[in-house]
Amino acid sequence: MIRNIKNSVILTLLLFGIIYVKPAAGQSDTTAQYRDFLTLCTQYQYAPLQLNIKYHSDNNLVLNTYDTMSMQGYFYIGGNGVYYLRMGDTEQFISDSIAFMVNHTLQQVIINSDADNARNLLKRYLGTVTNDTSFQTLMTAYSIQQANSGGNKYLLTGRTMLPGTNIFRQSIELKYNAVKREPLEITTTRRSLVAIDAADSLAFAQKFAGQNVLVTLPGKGLYFVRTYTAVYTYESIQHEEPASLPMQAADYIRRNENGEYELVPAKSSYRLRYD
């Protein structure tokens, strides 16, 4: 389960660029804001790229060990078609011929023979914005507000409410460097309702009194407004090739006499599987 959570974080942390189109004359200020938001989130993503990022997630009702998590990440896109990701205890390497992921905690190497597909998945997401995201999609799903004070910031608030409440289901906040036109921090917030058993209602009411996290739905009882927050802090964005990458395919796998992949002797303690 934890591996699945981390893999979803990886997908959530990787994106590819959207070309910015200058708002046409007569375009509304609101539409221009959505386009500007997309541009700020994506226009820096061209090869060569080295990105150092810090990820932290939190939950106001911790039910599992992975509800709160902090990881350092490094992402590389090379002009030679090589992609590399390190996020927590997981690394992923993609070249023209091979794509594989290494989970060091589980000591597992997962090979994906379709390198093009793996590359498209790897570069698809970072923060919350994808290369498929259009400003029309954002306009439908979110309202947008640009901060007039307290720094350069956009706040997108989801238009959907939690059932039976006036509480917004989700939001996205972007803080950015106005000079470099690059993101500094993206915070995503998602809310859900957790039903509270009648036997636990009093305890919850006492523990969370005054915190605005409890709602009573007519005919249904007491619910807890569970809030999940993920913060992506962009520590550095560089457009230069590294001296070397931390991992190469030959560090973990090789082809045997039958042309099949196998682990190199130094990694015999790992398990190999195909995805």
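Here are four short exercises, with worked solutions, on a predicted model.

**Exercise 1. Work out what surrounds Glu91, and which residue its side chain makes a polar contact with.**

Step 1: Find the spot. Glu91 sits in strand 4, which covers residues 90-94.

Step 2: Look for a charged partner. Glu91 is buried yet has no salt bridge. Arg86 is the nearest side chain of opposite charge, at 5.4 Å. A salt bridge needs the nitrogen and the carboxyl oxygen within 4 Å.

Step 3: Look for a polar partner instead. The side chains of Glu91 and His104 are joined by a polar contact of 2.7 Å.

Step 4: Check the wider surroundings. Not counting residues up to four places away in sequence, Glu91 touches several others, including Tyr84, Phe100, Met247 and Tyr252.

**Exercise 2. Decide whether the ring pair Phe100 and Tyr252 is stacked, tilted or edge-to-face.**

Step 1: Get the geometry. The ring centres are 6.4 Å apart and the planes meet at 50 degrees.

Step 2: Apply the cut-offs. Under 30 degrees would be stacked and over 60 edge-to-face, with the rest tilted. At 50 degrees, the Phe100 and Tyr252 pair is therefore tilted.

Step 3: Place the two rings. Phe100 belongs to strand 5 (residues 99-103), while Tyr252 is in the loop between strand 14 (221-238) and strand 15 (253-255). The two are 152 residues apart, so this pair links distant parts of the chain.

Step 4: Check burial. Phe100 has 1% relative accessibility and counts as buried; Tyr252 is buried too, with a relative accessible area of 6%.

Step 5: Zoom out. Phe93, Phe100, Tyr252 and Tyr270 make up one aromatic cluster.

**Exercise 3. Now do the same for Tyr154 and Tyr176: what kind of pair are they?**

Step 1: The centres of these two rings are 5.9 Å apart, and their planes are at 25 degrees, so the pair is stacked.

Step 2: Tyr154 is in strand 10 (residues 153-158) and Tyr176 in strand 11 (residues 170-177), so the pair ties together parts 22 residues apart in sequence.

Step 3: Both Tyr154 and Tyr176 are buried.

**Exercise 4. Find the polar partners of Asn59, and say whether Asn59 is buried or exposed.**

Step 1: Asn59 is part of strand 1 (residues 49-59). Its relative accessibility is 9%, so Asn59 counts as buried.

Step 2: A polar atom of the Asn59 side chain lies 3.1 Å from the backbone nitrogen of Leu61.

Step 3: The Asn59 side chain also has a polar contact of 3.3 Å with the side chain of Arg226.

Notes
Residues are numbered from 1 along each chain as its sequence is written. This is a predicted model: local features need pLDDT of at least 70, side-chain atom pairs count only at pLDDT 80 or more; totals for chains, interfaces and linings use all residues. Side-chain values use heavy atoms; hydrogens and water are left out. Helices (H or I, at least four residues) and strands (E, at least two) are DSSP runs, numbered from the N terminus. Buried means under 20% relative accessible area, exposed over 50%, partly exposed in between (1.4 Å probe, protein chains only). Lys and Arg count as positive and Asp and Glu as negative; His and the chain ends are not counted. A polar contact is a pair of N or O atoms within 3.5 Å; within protein, one must be able to donate a hydrogen and the other to accept it, and residues adjacent in sequence count only if both atoms are side-chain atoms. Contact means heavy atoms within 4.5 Å. Rings of Phe, Tyr and Trp (its six-membered ring) pair if their centres lie within 6.5 Å; planes under 30 degrees apart count as stacked, over 60 as edge-to-face and the rest as tilted.
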